Structure formats: structure tokens, C-alpha cells
Amino acid sequence: MKIIFLIEDGLGDWPLEELNGKTPLEAARTPNLDRLAPYSLLGTCQTIPKGFPSGSDVANMALLGYAPEKYHTGRGPIEAAAKGILAQANDVIWRCNLVSVSEFGPKGKMLDYAAGHISSEQALKLINWLNQQLQDKEFKLTFGLQYRHLLIQPNAPHKILGLTPNPPHDILNQSIAKDLQIYQKYPPLFQFLTKAAQLLANNPIWPKANALWPWGQGTPLQLENFTQKTGLKGAVISAVDLIKGLGKAAGLEVIEVPGATGLTNTNYKGKVSAALKALKSKDFVFLHLEGPDEAGHCGDVKAKIKAIEFFDKLILAPILSQLKEPFTLAILCDHFTPIRLRTHVAEPVPFLIYRSNYKYKGFPQFCEKTAQNANLFIPRGDEFLNFVQEQAGA
Ligand SMILES: [Zn+2]
């Protein structure tokens, strides 16, 4: 039995006035999902444990079967694992965004967590240029993807782990004064960031990137081997480093798909063929799509609906028609990214489990409401995979 997880990042949403009280998932045209729902098991799952930030790092770690309480040190270390960056136990790795702020000072506001969606090509130039200009002894920038990069601090003092600057997507159009005070608690960090902002203010490569924003720091990530833990041989497919990092740290195959962008224009076809190919030799594929989350952060209803419709047509349909062996499919999101909030919330996420060789008594549609009404609640994200494995074997 093959097991496939299709993760639509940030899919969950709230009813919207402009959609006549429907959520984007309800409003989107999803003939393939609609075809599965009547025969599927629906429910909700608390992917984010209490006290954890409602991020994709925490939720996807849990969905791969790892308890965040035990394994999560921060988002930065997960993305570093994706790059195969070897770090020492005493090192601290920060996730570091290129952002747009109105000014890097107490009167400043966070204008864009993605610096006008800088391309990877421009970002690589900018990060190299910045490292050259800064020549810092303690902090080193490492290129990641688009606006997402890493800041590595070897042999960091322990107190640095206690600093909790906001993720930039959580403070859109809000003052950055409080976060700057947090950075100031470790003066070398604040000095580094101030100097970087001064340089970036007049950078010749991408003027919209006018500050660095480190957050989500932690010591290097170490996960128990996935195959030993679950008995499944598997692979992950995603555009974003944090999923690749979780995959690598778990000993899963990380399949690189050319043209996978993390946006709605991603290479759907490439992702599907990678999944189908992987399933020839493996039992488990974790296919992650970032599109709905990005649309949620942008507050763009149309883009979110489009991302959901693309998923239905370009991911789900070909998998259903081309996968010949018996399979169990789980469709869900890691967390909600409501259009109205433009950031993540930690409420239980809707899921759908479909088995090619068994008909559940399902619902006419898969959405936040029907999943909730199904009265099946999995209280921990790291129990979900086990639950699906039980269903697959049932
Ligand atoms: Zn997000």
C-alpha cells in the first residue's frame, strides 16, 4: 500500500464576505476533491502543539511523525539541514529574511516580509555582496532561496536562544520597534543588523531589500531516522527549504524538481511525475505545495482560490488517474493562513483521507466545515501519520 500526503500549505481559512460567507476552499472549483469527498474519511488535526508558534516548520515536522516538543529547536536549523550545512552543537542558526522596512529604526514599519519577492538570482548576488561588505567575524549570511536565507553564528552564547523576534510575516505594516529592542539585547547582533541595513539602503542590486530580519533561531536539528521509526521508505517533494531540511534530517529522499517555485506558478507536472516515480520504489511520498500560504500572506483571495484549483487540476487529478497501485491519500494543510489575518493560526486543520480500495461514508464536499462536522479529531499532529498508516493497513 502506497501512502501519499498532499500538503497544501496554509490552505485552511475562514468564511469571507467577498465570497458570500464561503472560505476559499469552499469557493474554489475542485471537481476532483469533490469526487473523493463522499468516499473519504474527514476530520481535523491539531498540528501545532500548545505553546508553539504556528509555523510550517512545527506543523510539517509533526505531520512527518516527529513531536515538536522533542525535536524542534527552531526554523533556521531545519532550513540549514536542507542545505546540508554541517553545524556544531554550539552553533546557532537563524532563519534570515530579506525584508522591506520603512526604516530600520524605532519609527520603522515592516512593509514586506519578502522584499518585493526578490528572485533567487538577485538574492544570491545581494547576499554575496553583503557578506563581502560586512566582513563580520561573528555572523555569516548563507544564501537560501528567494527572500529566505540563513544567518549562522558559530559558538553562540546560550542566551541568544531566548530572544524571540517576530517572524516578519506576523508584523506586516506594524511597528518594528519592539523587535529592534529584542535584537538590542545582544548588541553585536543589533550592530550587525544596523550595518547591514545601512548598506542595503543604497544597494545596487535590489533596492526593495533594505534590511535583514533574523528569527526562528536554534541549535542544529537532529531527527530519528524515518524508516526505522515508521517502517516506510519515503521521499519529500517541495520547493521550500524547510520541508527539504526535515526530509534530509529524517533520512528521507529529497527530490529536487526543477521549476518548483513555492508560488502558484510552480512546476506541478514535475512534482507529480517525481511523486509517481518515487512511488515505484518507495512506500511514502510527502508532496508539499506552498502556493495557498503565499496567497494567504498576500491577502489575495483570487490567488488563494487559484492555488486550490491548480492543486485540484494539476496535482490531484493526474495522481488519481496515473497511480495504478492501491494507495492511501491524505490531503490536508499544515496550518490555517486566513486571508483576513494574512498570517498563520494554530486551529485544528481539516484533513481528508481517501483509500483507493475502500469506500468510507464521507461528505459531499471537503472543506473546513465538513471536516469539523465529521467529529473525528486527532489531538496531535505527530500522531497523524500513524493514524493514516493504521487506516492504510485496515
Ligand atoms: Zn506561511
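Which residue in strand 7 is the bridge partner of Leu98? The partner is Leu212. This briefing concerns a predicted model. Its main topics are an open sheet of eight strands, a zinc ion with protein donors that include His344, and a nonpolar core of 84 residues.

**The eight-stranded sheet**

- Eight strands make up an open sheet, and their order is 9-8-10-1-11-12-2-13. The pairing within this sheet is mixed.
- Strand 9 (253-255) and strand 13 are the edge strands; each has a single partner strand, so one side of each is left without a neighbour in the sheet.
- As general background, strands of a sheet pair through backbone hydrogen bonds, and they do so either parallel or antiparallel.

**Strand 2 and its two partners**

- Five bridges connect strand 2 with strand 12 (residues 349-355), and this pairing is antiparallel.
- Within that pairing, Leu41 has Ile353 of strand 12 as its bridge partner, while Cys45 stands opposite Val349.
- Strand 2 also runs parallel to strand 13 (residues 377-378), to which two bridges join it. Here Cys45 is placed opposite Ile378.
- Five of the five residues of strand 2 (residues 41-45) are buried, so this strand is largely enclosed by the rest of the structure.
- Burial applies to both faces of strand 2: Leu41, Gly43 and Cys45 lie on one side, and Leu42 and Thr44 lie on the other.

**Strands 3 and 7**

- Strand 3 (residues 92-101) and strand 7 run antiparallel and are joined by six bridges. The pair formed by Leu98 and Leu212 belongs to these two strands.
- Strand 7 (residues 211-218) has seven of its eight residues buried, so it is largely enclosed by the rest of the structure.

**The zinc site**

- The protein donors of the zinc ion are two OD atoms of Asp293, NE2 of His297 and NE2 of His344, at 2.0 to 2.6 Å from the ion.
- Along the chain, the donors follow the spacing D-x3-H-x46-H.
- Asp293 and His297 both belong to helix 12 (residues 291-298); because they are four residues apart, about one helical turn separates them.
- His344, by contrast, is located in the loop between strand 11 (327-332) and strand 12.
- What is the geometry of the site of the zinc ion? The site is irregular, with angles of 55 to 144° among its four donor atoms. For reference, the ideal angle for four tetrahedral donors at a metal is 109.5 degrees.
- The relative accessibility of Asp293 is 3%, and that of His297 is 3%. For His344 the relative accessible area is 9%. Because the cut-off for a buried residue is under 20%, Asp293, His297 and His344 count as buried.

**Surroundings of His344**

- The side chain of His344 makes a polar contact of 3.3 Å with the side chain of Asp293 and another of 3.0 Å with the side chain of His297.
- Beyond residues up to four places away in sequence, His344 touches Ser54, Gly55, Ser56, His169, Asp293, His297, His335, Phe336 and Thr337.

**Nonpolar cores**

- The largest nonpolar core holds 84 residues, of which Phe5, Leu6, Phe284, Leu329, Ile331 and Phe384 touch the most other members.
- Helix 13 (residues 301-322) supplies the largest share of this core, eight residues.
- Another core, of 44 residues, lies apart from it and has Val99, Tyr113, Leu130 and Trp215 among its members.
- When neighbours within four places in sequence are left aside, the contacts of Phe284 include Ile3, Phe5, Leu64, Phe226, Leu252 and Leu385.

**Residues with positive phi**

- In general, most residues other than glycine have a negative phi.
- Ala115 is not a glycine, yet its phi is positive, at about 50°. Ala115 is found in the loop between strand 4 (110-112) and helix 6 (120-134), and it is buried, with a relative accessible area of 0%.
- Gln146 also has a positive phi, near 45°. Gln146 lies in the loop between strand 5 (140-145) and strand 6 (148-153), and at 12% relative accessibility it counts as buried.

Technical notes
Residues numbered from 1 in each chain as written. Predicted model: local features only at pLDDT ≥ 70, side-chain atom pairs only at ≥ 80, totals over all residues. Heavy atoms only, no water. Buried < 20%, exposed > 50% of the residue type's maximum accessible area, 1.4 Å probe, protein only. Pairing = 2+ DSSP bridges. Polar contact = N/O pair within 3.5 Å; in protein donor to acceptor, adjacent residues only side chain to side chain. Contact = heavy atoms within 4.5 Å. Donors = N, O, S within 2.8 Å, 3.2 Å for Na, K, Ca; no water. Tetrahedral: all angles 85-135°; square planar, octahedral: opposite > 155°, others 65-115°. Core = buried A, V, L, I, M, F, W, Y, C linked by side-chain atoms within 4.5 Å.
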